[in-house]
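Student: Please take me through one part of this model in detail. I would like the packing and the strand pairing around the main nonpolar core, and then whatever lies beyond it.

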Amino acid sequence: MYSEEDPIRIDVGELVEAGAEFDQDNSSYDLKNGQTANESEVYIKNPGTSNATIIVSPSAIDNLDSFDLEIEHINTTNVSKYNGDISKINNEIEYESTQDGESDLTSFHIQHPAIISTANNTYDNETNEIKFEEVDLINNTTNRVLVWKTSSEGELIEKIGANQGQQQTIKIDNESISGKVNIAVTVHPHWTNSSDIIYAKEQTTITAPESVKLLQSPTHYQANKSQDLGTVSLKTNTRIEEKTGSISIKYFNQSSSDLTVSMDSSNVGVSNNTVKIDLDSIEALNNKSKLYIEDILVKDLKSIYGGTSLSTNSSQITRTSERIHNKSNITVSQGTKMEVASNKSEVIKLQSKNENITPETSIIDNQTKLINTTKISADKYTLESNSSTNGSQVEVINTSFSPKTPTTSESEGVFIQFNSVPNTRNITIHTQNKDRDFTKEKQVSIEKEKEQNTTIRDLDPGKYDIRFWNTDSGESVTRSTDVLASKEANLSLESDTDQIHLGTKANSNLSNVYNNTALKISEKDSNTTVATAELATPSPGRTSVGINTYAVGNDSLSDDLITTGPGASVESIQTSTPNGTLSPGTYEISVESEQGLATAADNATVTVRNRSTREMTAYATTEAGPNDLDSADAVRAGISNETLSPTSTVGANETVVYSVNASGLSGLPAARNATLDTGADLDRLDGLAFGVRETASTNETTTSEDADDIGSVPPNSTVHLDDDGLYLVAEGTDALATDGAPSDGESFAAEFHATDDRLREAASNSDADHAAVRAVTFDETTPDTGPTESTDENGSHVDEESVDGDGGGAVGTETGGEPSTDGEPSGDDRAATGGETAAGDGSEDTGGSGGVDESSAEGGGPSASDPRGDSDDRGAAPKTADARSEIRPAADLRTAELNGSVAVLATSASDTEVPAVDEDDVDRAGGEGAESTESDGGDTGSEAVDDSEPESDTDETEPETPDYEDAPIRTTADDVPGFGPLVALLALAATAVITRNRG
């Protein structure tokens with residue numbers, strides 16, 4: 001005591017930091033033995049902090065004599081005796097008393113009454129329990145006892161057991177311990193997994209059962225001497241029981257060795273945690289100079305501590321090629337391991353001219369290390385060490401091999417390619433399928449510095465793992481490969497024939513191929529390649545392939561030349577016809593498919609012919625609407641079954657089809673990636689033009705000189721396009737493309753032009769107008785009677801480009817429609833599809849078909865849309881108004897071209913139309929195959945007709961041919977440039993002959 005007037009301050013913050021808790025109530029603090037105080041005179045400030053201070057007020061101090069401060073209700077539950085590393089805490093606590101500037105220090109100790117100690121036989125292997133000799137707890141209900149696995153330094157590592165309250169045993173988890181284990185037992189204030197507060201502790205060592213495990217793969221230490229076989233070492237995690245277990249060693253091309261692990265064994269020795277097998281002591285291996293161990297089977301190898309025994313089959317064998325126990329000169333294969341006598345602390349280095357390296361090593365025991373040469377470059381080295389091995393010369397050579405096993409087919413077998421290496425190698429090959437139920441084994445010798453191949457045959461399709469062992473170095477690699485089912489590729493054209501036209505996108509189907517396919521198009525006779533393409537054709541190996549003849553020769557369209565359907569893609573295209581078009585001829589399309597070594601091939605032959613624009617025919621029906629005519633096939637079917645009938649009139653209640661007989665159009669929209677489903681689509685497509693325009697009369701059926709003047713595309717129309725033509729379908733007056741309602745009898749012309757330069761160049765006559773026109777009139781009174789048998793056509797236009805004998809064109813051309821003059825059949829080969837066709841022009845067919853249809857020239861045979869058979873009503877009187885009007889317009893002319901051909905058309909009520917006559921075709925025009933025609937020619941040809949034409953025996957009801965004055969022809973033969981008297985005379989003579997034939 002230093003003053004009766006100053007308060008006394010006692011700092012108890014250190015006790016708070018130790019874990020104690022002070023009561024805030026003043027009644028817990030009192031003065032004894034010399035002083036007394038009421039509750040307000042002794043109290044605590046900041047009780048839960050390190051600044052906790054008990055204050056004695058001056059009013060409680062009566063004198064300067066000493067006294068005691070009594071503190072009650074201090075909670076020391078959380079005051080620990082040991083740290084987390086179970087080292088003892090300094091339990092000496094100090095507090096400081098301060099008064100009137102003077103201070104005193106006082107210390108005391110905290111005592112824990114808890115005690116824990118283990119019994120002599122601490123661990124029971126059978127019950128997995130830790131047994132205690134003494135357990136005294138502070139609170140027998142709440143205190144907890146924990147068992148820990150500790151490090152060699154005593155740190156708590158892992159909790160392996162726990163009890164609540166006072167018990168004499170604790171069951172532990174033995175899965176995390178084995179063999180000799182350091183443990184600690186600790187006492188805690190309450191249920192916790194924490195080691196923050198420890199009242200008491202006990203440390204000891206127990207021996208737990210230990211499951212045997214291999215620490216590394218079995219090692220074959222191969223001896224330096226060729227006559228020695230070396231030893232096999234198995235290093236485990238525990239000491240091995242010497243009286244149990246067996247080992248079986250399987251060799252390549254040698255009977256297995258079955259050995260017993262025992263103290264009496266002459267082959268197997270046990271040293272602590274290592275089992276060693278002396279191969280030279282095995283009698284069955286006598287006289288063997290080389291062994292290749294494939295795998296080692298270990299069975300029932302046990303630890304001296306008990307626990308689960310080891311049974312395993314190891315095929316990963318570590319092989320040492322050489323041993324260096326003193327200064328030596330050796331050669332080792334790169335990738336093998338080299339045994340070197342060395343202690344644990346020694347650092348081994350390898351010095352060459354190019355580098356100084358510290359190789360990767362592993363410790364075998366206190367006297368031996370293994371050097372892994374996998375990452376050591378092939379070179380000559382000097383070994384540097386602090387032992388007897390110092391100065392050894394080590395040459396590392398590259399003997400690695402990287403066999404290639406490309407994908408193959410069952411017919412080819414697995415083809416294996418080996419690279420060249422500096423020394424001879426003996427290779428063992430194991431081939432096994434993925435299901436592991438089939439294995440083939442083979443051994444080959446690969447001579448040094450030679451690339452060699454071998455084949456494994458008789459394998460079913462499937463996936464295979466192939467493992468290769470170098471029996472000299474022990475190196476092994478594994479490859480996987482696919483053996484595919486053998487295939488025969490199939491390339492088939494979708495077309496019914498082997499002919500296509502220039503400008504067409506020809507579709508084909510490709511199937512039964514492998515992942516990569518090369519497609520080649522070549523001219524058959526000259527074997528000249530036109531284009532090649534690399535296709536990705538993954539599983540299932542089938543796709544459609546489109547070949548666009550329109551794109552051939554145009555570099556900007558080369559990507560559109562060959563296309564594929566779903567399941568495939570075009571990787572690259574190469575062409576050899578720049579800045580031109582494909583020439584007519586016979587071509588071969590070949591495919592060669594491969595996947596690794598698996599191959600399949602096929603080819604198809606196709607004849608490419610010039611395209612043409614021939615004529616247009618109008619059809620009408622009241623029995624079907626546009627929805628029924630939703631494809632080119634549907635239109636052709638309607639023509640064939642006479643649902644659609646040829647017409648020269650259009651009624652408001654009818655569905656009208658304009659059928660343009662023109663081949664080779666499908667490639668244009670495909671090359672431009674354009675959709676062609678509606679009339680609006682057609683109107684947007686540059687290169688094809690279609691329109692309907694008003695005309696002065698049905699006689700005005702010549703084509704427009706400018707495609708921009710052909711009128712408008714019918715609104716609300718649909719368009720179908722195929723290899724033979726274009727079909728535009730519209731309803732009623734929409735087919736006339738008028739702004740308002742048309743008048744009864746009003747005349748119109750539907751007109752088509754191929755304006756694209758490439759399409760025009762693809763025809764035999766690129767200078768022609770490449771157009772077709774059809775005249776129709778609006779018939780307000782057309783009854784709803786459905787199709788009629790009438791086949792008369794009005795206003796058909798013949799395109800002078802058609803001079804190559806094109807067999808193409810839209811189906812359904814009428815008898816009397818203008819035939820092609822390009823040397824192709826004009827329609828006989830198309831009659832079966834439903835349209836009446838022209839009888840042919842008698843010209844030579846450069847495409848190998850055509851000629852004259854004699855029956856047609858005679859007034860001929862029936863066609864799908866001409867039920868008249870041999871009858872010929874072309875001279876009959878016009879039909880009544882109740883039937884569809886098909887009276888032939890008086891004339892059908894177009895402007896002639898200089899030195900070009902001119903169509904001279906009949907003026908009778910016949911539906912016959914005359915082909916254009918070219919000077920080169922004069923002889924053909926007079927042949928018997930020419931179309932029947934009546935001519936009203938001018939003065940120039942009149943006599944020739946009179947002299948050559950016999951008396952007609954046609955029916956008197958046939959209308960009389962108008963004379964020259966009455967004929968509405970706007971141009972006479974003499975007025976036409978290039979149509980001189982001789983040509984006119986021959987043409988009219990041909991007309992007279994044909995007229996006689998009609999009789």
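Tutor: What follows starts at the core and works outward through strands, rings and sheets. Keep in mind that this is a predicted model.

The largest nonpolar core holds 66 residues. Ile562, Tyr658, Leu688, Phe690 and Phe752 have the most contacts inside it. Strand E48, residues 598-609, gives this core its largest share, 5 residues.

Take Leu688 next. Setting aside neighbours within four places in sequence, Leu688 touches Leu665, Leu668, Leu682 and Leu726, among others. Its contacts also include Phe752, His753, Ala754, Thr755 and Leu759. Phe752 therefore appears twice in this account: as a contact of Leu688, and among the residues with the most contacts inside the core.Now the strands around Ile562. Strand E45 covers residues 562-564 and is joined to E44 by 3 bridges, with the two running antiparallel. Ile562 in E45 stands opposite Ile547. Strand E44 spans residues 543-548, and 5 of its 6 residues are buried, so the rest of the structure largely encloses this strand. E44 has another antiparallel link, made by 6 bridges, to strand E41 (residues 505-511). There, Lys505 has Asn548 of E44 as its bridge partner.

Next come the rings. A pair of aromatic rings is described by the distance of the centres and the angle of the planes. A search of the whole structure finds 3 aromatic pairs. In one of them, the rings of Phe418 and Phe468 have centres 5.9 Å apart and planes at 90°, so the pair is edge-to-face. Phe418 belongs to strand E33 (residues 414-418) and Phe468 to strand E37 (residues 462-470), so the pair ties together parts 50 residues apart in sequence. Both Phe418 and Phe468 are buried.

Another pair brings us back to the core. Tyr658 and Phe690 form a tilted aromatic pair, 5.7 Å centre to centre with 50° between the planes. Tyr658 sits in strand E52 (residues 655-662) and Phe690 in strand E53 (residues 688-695). The pair links distant parts of the chain, 32 residues apart. Tyr658 and Phe690 are both buried. One ring also has a charged neighbour: Arg758 lies over the face of Tyr550, at 5.6 Å from the ring centre.

Strand E48 leads to a sheet. This open sheet has 6 strands in the order E40-E48-E47-E42-E43-E46, and its pairing is mixed. At the edges are strand E40 (499-501) and strand E46 (569-575), each paired on one side only. From one strand to the next, the twist averages 25°. Within the sheet, E48 pairs with strand E47 (residues 585-595) in the antiparallel sense, over 11 bridges. Glu594 stands opposite Thr599 in E48.

Strand E37, which carries Phe468, leads to another sheet. Its 5 strands form an open sheet in the order E32-E38-E37-E34-E35, also with mixed pairing. Strand E32 (408-409) and strand E35 (439-446) stand at the edges with a single partner strand each, so one side of each has no neighbour in the sheet. E32 pairs with strand E38 (residues 476-484) in the parallel sense, over 2 bridges. Ser409 has Leu484 as its bridge partner in E38.

Methods
Residues numbered from 1 in each chain as written. Predicted model: local features only at pLDDT ≥ 70, side-chain atom pairs only at ≥ 80, totals over all residues. Heavy atoms only, no water. Pairing = 2+ DSSP bridges. Helix = DSSP H or I, 4+ residues; strand = E, 2+ residues; numbered from the N terminus. Core = buried A, V, L, I, M, F, W, Y, C linked by side-chain atoms within 4.5 Å. Buried < 20%, exposed > 50% of the residue type's maximum accessible area, 1.4 Å probe, protein only. Contact = heavy atoms within 4.5 Å. Phe/Tyr/Trp six-rings, centres within 6.5 Å; stacked < 30°, edge-to-face > 60°. Lys NZ or Arg CZ within 6 Å of the ring centre and 35° of its normal. Axes fitted to C-alpha atoms, helices over the stretch in contact; angles between N-to-C directions.
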